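Thank you for coming, everyone. I would like to walk through one model this morning, and I would ask you to keep the sequence and the picture open while I talk.

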Amino acid sequence: MSYSTLLAQAGLNGLVIGAMYMLMAVGFTLVFGIMRVVNFAHGEFYMLGAFAAFFTYVHWEMPFIVCLAIAALTIGILGMLIERTLIQPFRSDEMSGMIATLAISVIIQNGAVLLSGPAPRAMPDIVRGTLAIGPFSFPWSRLLVIAAAALIFIVFWLFMERTRLGRAMRAVAQDTETALIQGIRVNYMYPLAFGISVALAALAGALMGPIFSVSPFIGLTPMLKAFVVVILGGLGSVPGAVVGGLLLGLIESFTATIWGSLVSDILQLLLVILILLVRPSGLLGQREA
Amino acid sequence: MERSTSAAIDRDEPRLAAGRNLVPGAAIVILLAAALILPQLTPNQFYLHLAILVLFNAIFAISLGLIASVGQISLMHSAFVAAGAYVSALAALDLKIPPILDIVLAGVVTGLVAALLGKILLRLRGVYFVLVTFLTGQVFTLIALNWESVTHGANGLIGIPAISLLGFPLSTRLRFYYFALAAFVLVVTFIWLLMRSQYGRAFRSIAENVRLAESSGIDVSRYQIIAFALGSGIAGAAGAAMIHYVRFLSPDSFTFNDSIAYITMLVVGGRQSMIGGILGALFLTPLPEALRGLAGAQHIVYGAILLGVLLFLPGGLVSIGRGYFHKTSETEPT
């Protein structure tokens, strides 16, 4: 394989995982920005999304677009219920809220092991064939992930920027008390934000299911990467999560191609630690008062 | 205001304080005597094994509690336990240093590593610190897995020698149990004395309000580094001691799930005091054994207990019987 094909492959793979990191990080950062909760269960919703897609697509043979919708809706509603019952009681206590999400993560992951067993399952590609551009050929299945992730993000962005609910949510993120005075029902915003956040994670999982395999343990790596991305981009910053996600995907893909994935992982973590020290609020984040 | 007056009363009337301490003092003596004598009466190997695990988990939980006492939660506690275990196992296997010295070495090395890391990481507070300790813990695991020439990677280290005290090998469970008990008492005494010293007072004031502590001239980062280094060093030494009992070590021996387990013990027992961590370990360590029939369900039960305690008993198990001796302070570290 020639050098340029290798680089093109690495670039495409970087965009695919970058798109996934972006979806994960946007949801993660949304919840932190609005609720000040670090959600350690975020990866488990990714895993649930992958399982939802697996069962609807492989067993019930539904069209993939319907599978995505089902994954987003069911996991989103589950997220709302979890927020309302298990996370909201810790509104005033960041640390306990975070420990609660650790507990939720343990329960969901081991529940999945109990129900489906620990073995990974392979999921068939959604589309076959490759797109040939000059000397390069790109599999459609990967291009689909990039396109779908971009579309999902655009819908999310329009919702946040153009609708009343989206504006209300951003207001809560900026200043809860002022939002309350403006008549925004803050208590409805929290479960909604959490539901949207985990629905994005579920969509990421559903999209990546055919590319990686599906097992109860697949949530940890995407969550780890979401942490890396939001630290790069700034906790609470949505543009930071987008830029950081794509950037991290590309960096990871290229460094892994050149030096191997271990060096790539260690480099990323060192980079994060470095950035946290130099600029704790992240590259695009705003300083906390 | 109230706080300072009650402190003054404590100082001026030592007899009163001594009288109040009589009941817990007697309880400690009785419990220690029971811990010493009971294994002689019923030398059941399985219960001895559980007791050893309880003692070690209690050390892990209260050393994490030491870090929590400056208002920080470390998600890389099991990484330091593993680091201590690796240092000790490798020193024993490759350098043929006697295990008892290896344990000291492991404690010193992990403590120093924690001090260096703490100097960098403890500039961050709250959730930022939690996130970065989580990521750093992952780096430790990656190193253990991939530095195969030294750690033997996923295959792990086998044939780690038992501890030998002056030519007396701690090769049976019963002997090791007494060693673990001694280590536990040592750690508890050390942390108890530390928390009563000026360090302990500084720790508590930082946990209560970082900004206030800072503005009253307390060098917050210095005390946080001390607490982090001591807590992690104790965890490293305990991990080292434990690995000479288990005699096998791999990157799976102590994982992120163990870090969560230590936090669970601390929270379930009670974050505000050392007794909390001990109670948490005593309550949660035997639990998986009781649930052995339900393979995999034990983690779910752990998680459910953790959630239940957070929701309905924020002070932990300690707070149930606590009101009798002391007034609980409901302040949460921020």
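**Two loop residues in chain B**

Let me begin with Arg247(B), which counts as partly exposed because it has 14 C-beta neighbours inside 10 Å. I should say at once that this is a predicted model, and everything I describe should be heard with that in mind. Arg247(B) is found in the loop between α11 (220–246) and β4 (248–249) of chain B, and its phi is near 70 degrees, a positive value in a residue other than glycine. As background, most residues other than glycine have a negative phi.

Where in chain B does His152(B) have its place? It lies in the loop between α7 (148–151) and β1 (157–158) of chain B, and His152(B), again a residue other than glycine, has a positive phi near 60 degrees. His152(B) is partly exposed, because 17 other C-beta atoms lie within 10 Å.

**The rest of chain B**

Stepping back from those loops, chain B has 16 helices and four strands, and 43% of its 334 residues are buried. Of the contacts in chain B with a separation of 6 or more, 76% are between residues 24 or more positions apart.

One helix of chain B deserves a closer look, namely α13 (residues 274–284), where eight of the 11 residues are buried, so that the helix is largely enclosed by the rest of the structure. Its buried residues are Met274(B), Gly276(B), Gly277(B), Ile278(B), Leu279(B), Gly280(B), Ala281(B) and Leu284(B).

**Where the chains meet**

How many residues does each chain bring to the contact? Chain B gives 34 residues and chain A gives 30 residues. On the side of chain B that touches chain A, α6 (126–146), α12 (256–269) and α15 (297–312) each supply at least two residues, and α6(B) provides the largest share, with 13 residues. Sorted by class, that side of chain B has 25 nonpolar, seven polar and two charged residues.

**Chain A as a whole**

Turning to chain A, we find 11 helices and two strands, and from the N terminus on the elements run α-α-α-α-β-β-α-α-α-α-α-α-α. Along its principal axes the C-alpha trace of chain A spans about 60 × 50 × 35 Å. A compact globule with 289 residues would have a radius of gyration near 19 Å, and chain A, at 19 Å, agrees with that. Buried residues make up 49% of the 289 residues in chain A, and among its contacts with a separation of 6 or more, 75% come from residues 24 or more positions apart.

**Helix α3 and the core**

Within chain A, helix α3 (residues 64–87) makes a useful check on geometry: at 1.5 Å a residue its 24 residues should span 34 Å, and its end C-alpha atoms are 32 Å apart, which agrees. The buried residues of α3(A) include Cys67(A), Ala71(A), Ala72(A), Ile75(A), Met80(A) and Glu83(A). Which elements do the buried residues of α3(A) pack against? They pack against α2 (42–59), α4 (94–116) and α8 (186–208) of chain A.

Ala202(A) makes that packing more concrete, since, leaving aside residues up to four places away in sequence, Ala202(A) touches Phe45(A), Tyr46(A), Leu48(A), Gly49(A), Ala52(A), Ala71(A), Ala72(A) and Ile75(A). Ala202(A) also appears, with Leu23(A) and Leu203(A), among the residues with the most contacts inside the largest nonpolar core, which has 194 residues. The largest share of this core, 17 residues, comes from helix α1 (residues 3–35) of chain A.

**The hairpin and an exposed helix end**

Two further places in chain A are worth finding on your screens. Strand β1 (residues 130–133) and strand β2 (residues 136–139) of chain A run antiparallel and are joined by four bridges, with Ala132(A) standing opposite Ser137(A) in β2(A). The hairpin of β1(A) and β2(A) has two residues between the strands, and there Gly134(A) takes a positive phi near 55 degrees.

Finally, is Ile181(A), in helix α7 (residues 176–181) of chain A, buried or exposed? Ile181(A) counts as exposed, because it has 9 C-beta neighbours inside 10 Å. Its C-alpha atom is separated by 41 Å from that of Gly111(A), which is 70 residues away along the chain.

Note on methods: Residues are numbered from 1 along each chain as its sequence is written. Chains are lettered from A and ligands numbered from 1 in the order in which they are written. This is a predicted model: local features need pLDDT of at least 70, side-chain atom pairs count only at pLDDT 80 or more; totals for chains, interfaces and linings use all residues. A residue is buried if 20 or more other C-beta atoms lie within 10 Å of its own, exposed if 12 or fewer, and partly exposed in between; C-beta atoms are placed from the backbone. Two residues are in contact if their C-beta atoms, placed from the backbone, lie within 7 Å. Ala, Val, Leu, Ile, Met, Phe, Trp, Tyr, Cys and Pro count as nonpolar, Asp, Glu, Lys and Arg as charged, and the others, Gly among them, as polar. The radius of gyration is taken over C-alpha atoms; the globule rule is 2.2 Å times the number of residues to the power 0.38. The expected span of a helix is 1.5 Å times one less than its number of residues. A nonpolar core is a set of buried Ala, Val, Leu, Ile, Met, Phe, Trp, Tyr and Cys residues joined through C-beta atoms within 7 Å. Two strands pair if DSSP finds at least two bridges between them.
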